[in-house]
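Thank you all for coming. Before I say anything, please take a moment with the model on the screen.

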2 protein chains.
Amino acid sequence: MTNPLDSVFAALADPTRRAILAMLLEDDMAVTDVAEPFSTSLAAISKHLGVLADAGLITRERRGRVIWCRLEPDALRAASVWMQGFGQFDPVDLDAFERFLESELDVPSDKILTEHE
Amino acid sequence: MTNPLDSVFAALADPTRRAILAMLLEDDMAVTDVAEPFSTSLAAISKHLGVLADAGLITRERRGRVIWCRLEPDALRAASVWMQGFGQFDPVDLDAFERFLESELDVPSDKILTEHE
DNA sequence: GCCATATTCAACCCGATGGTTGACGATCCC
DNA sequence: GGGATCGTCAACCATCGGGTTGAATATGGC
C-alpha cells in the first residue's frame, strides 16, 4: 500500500534526522548520546529515531539499560537508485558529501566524520 | 536556515509528486496533461507542481494559455550526493531505475490512475 | 527492596500539508 | 465582445508532524 520510498524520503526531509544519520555513520550510538548535541528534548529525539526505524534507516537494539542505534544504509538503496535515474550524477563523491554534512550542521564536520581529515 | 535538502526530500516523499517527475522525465508537459492520469482535482495537482517548483525540481513557463512544466534534474544532485555518501551504492543502474518506476506507477494504478473510462 | 539511569508513552499544542469546491484571471478563437 | 479552455487562488476541512511536559516502564547497582 504505502510505498517504502514515501517513508524513506519523508524521514530524510527533516534536518535533525539527517544529522542523526550522519552521526550514526561514524558508529553505533545510544539514544541519550544521539540526543546530546541537540537542543530538543530526549522525547523528541526518540520520536525521530522511531521515524528513522520505521523507514528502515536504522535499527535499535536494547543491551541492558541502553538502546543502541545502528545505521542501516541499505534502506537508502532504493531511494538512491530512484534519484540517480533522473540525473546520471557523478558516482560517489565523499568530498562533496562532507561539504554537505558541514553545511547542514553548522558545526565542523569533524564532529561527525573523524577520519581522513 | 532552511536547507534546500529539506524541501527536495519533502517534495520526493509524496508518490503523486514522484509520479509527476517520472512523467516529466520523458518530456515537458502542460499542467492539464500532467493532471490527466490522476484522480485528484486539477487544483491539487497544481499545488503539487508548486511544491516541486519551490524545491527547484521543475520549472514552469507559460506559453499562451498553456503552462509547460519542465524537469530540472540538477536539483536532485545535492540530495543524490548526500545519499550516496551513506551507502557507496552502485553507480547509475538504469535497469533498476526502470523497475522502480514500474513498481511505483503500475502497481498502484487502481489508486493513482483515474478510474473513468 | 530501593534508587538512579535510560527510554518510551500519552496527552496536548500548533503549524504544515493534501484534499475539496467555487470563483477568478488569462488567453485563444470566432 | 462572447464563449470556451487553462490554470491559479481563496477558503475551508481533516490529518499529520514535530515540539513540549509529565508519567510510566525497564534495567542496573547498591
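I will go through chain A, then parts of chain B, and finally the surroundings of the DNA.

Please keep in mind that this is a predicted model, in which local features need pLDDT of at least 70 and side-chain atom pairs count only at pLDDT 80 or more, while totals for chains, interfaces and linings use all residues. Residues are numbered from 1 along each chain as its sequence is written, and chains are lettered from A and ligands numbered from 1 in the order in which they are written.

Chain A contains six helices and three strands, where helices (H or I, at least four residues) and strands (E, at least two) are DSSP runs numbered from the N terminus. Their order from the N terminus is α-α-β-α-α-β-β-α-α. Of its 117 residues, 34% count as buried, meaning that 20 or more other C-beta atoms, placed from the backbone, lie within 10 Å of the residue's own.

How are the three strands of chain A ordered in the sheet? The sheet is open, with the order β1-β3-β2 and antiparallel pairing, and two strands pair if DSSP finds at least two bridges between them. Because β1 (29-30) and β2 (58-63) of chain A stand at the edges with a single partner strand each, one side of each has no neighbour in the sheet. β1(A) is joined to β3(A) by two bridges, and Met29(A) is found opposite Cys69(A) in β3(A). Helix α4(A) packs on this sheet, where α4(A) touches β2 and β3 of chain A, and its direction makes about 120° with that of β2(A); contact requires C-beta atoms, placed from the backbone, within 7 Å, and such angles run from 0 to 180 degrees between N-to-C directions, with axes fitted to C-alpha atoms, for helices over the stretch in contact.

Turning to chain B, β2 (residues 58-63) and β3 (residues 66-71) pair in the antiparallel sense over six bridges, with Arg62(B) opposite Ile67(B) in β3(B). Two residues lie between the strands of this hairpin, and Gly64(B) takes a positive phi near 70°.

That same Gly64(B) brings us to DNA strand C, since 22 residues surround the strand and the closest are Thr32(A), Ala43(A), Ser46(A), Ser41(B) and Gly64(B); near, here, means a C-beta atom, placed from the backbone, within 6 Å. Both chains supply this surface, with at least two residues each from α3 (31-35), α4 (42-54) and β3 (66-71) of chain A and from α4 (42-54) of chain B.

Terms used:
Buried ≥ 20, exposed ≤ 12 C-beta atoms within 10 Å, placed from the backbone. Contact = placed C-beta atoms within 7 Å.
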